[in-house]
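Colleague: Please take one loop of this model and go through it closely. Then set it against the rest of the chain, with the cut-offs spelled out.

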Amino acid sequence: MATPDFVAQGGCTCGVLRYRLDDRPIFVHGCHCTWCQRQSGSALAVNALIETDRLTVLSGEPEEVSIPSPSGKGQIILRCPACRIAMPEYYRATEVMPSASQARMAALQG
Ligand SMILES: [Zn+2]
Ligand SMILES: [Zn+2]
C-alpha cells in the first residue's frame, strides 16, 4: 500500500517522460562503483531501490536500452525516446530482486 504522505515525481529534460514513485524507496544509496560512474558520468550515482509495481509512468513511452552489467546478465535502462535522459532502470536480469527497479534520485523533482 502506498504511503499517503509520500509524493515523488521525476522526469526527463524535455518533459516528454514523467514518472512517479508511489511509495517510499526500500533504500537510497550513493554508489561509487565504476559501473555507476560510467553510466552517470560522475563520481557517484544516487539511486533509490523500489518495487517495480510502485513505479508509475505518467506520460511518454520509455525506450528500453540493454546495457552490460557486472553480473554479465545485462540490465535494462529506460530512456526518454526524445532527449535520451535515463529513467528508472530495471534489475530485470538479477535473481536476487527480479521485480525491483532503481530510480536516479537526481531525476526526482518533488
Ligand atoms: Zn525527454
Ligand atoms: Zn554502482
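**The loop at arginine 84**

Modeller: Arginine 84 counts as exposed because it has 12 C-beta neighbours inside 10 Å. The cut-offs are these: a residue is buried if 20 or more other C-beta atoms lie within 10 Å of its own, exposed if 12 or fewer, and partly exposed in between, with C-beta atoms placed from the backbone. The model is predicted, and local features need pLDDT of at least 70, side-chain atom pairs count only at pLDDT 80 or more, and totals for chains, interfaces and linings use all residues. Residues are numbered from 1 along each chain as its sequence is written, while chains are lettered from A and ligands numbered from 1 in the order in which they are written.

Arginine 84 lies in the loop that joins strand 7 (75-79) to strand 8 (86-90). Its phi is positive, about 70 degrees, although arginine 84 is not a glycine. Strands (E, at least two residues) and helices (H or I, at least four) are DSSP runs, numbered from the N terminus.

On the far side of the loop, strand 8 is one of the elements that give two or more residues to the largest nonpolar core, along with strand 2 and strand 4 (45-51). That core has eleven residues, among them Leu78, Ala86 and Met87. A nonpolar core here is a set of buried Ala, Val, Leu, Ile, Met, Phe, Trp, Tyr and Cys residues joined through C-beta atoms within 7 Å. In soluble globular proteins, nonpolar side chains tend to be buried together.

Alanine 86 also has a distant partner in sequence: glutamine 39 is 47 residues away along the chain, yet the C-alpha to C-alpha distance is 9.4 Å. Glutamine 39 belongs to helix 1 (residues 34-40), and counts as partly exposed because it has 17 C-beta neighbours inside 10 Å.

Strand 2 (residues 18-21), another contributor to the core, pairs with strand 5 in the antiparallel sense over four bridges; two strands pair if DSSP finds at least two bridges between them. In that pairing, arginine 20 stands opposite threonine 56 of strand 5. The open antiparallel sheet has three strands in the order 1-2-5. Its edges are strand 1 (8-11) and strand 5 (55-59), each pairing on one side only.

As for the whole protein chain, there are one helix and nine strands, in the order β-β-β-α-β-β-β-β-β-β from the N terminus. Of its 110 residues, 22% count as buried.
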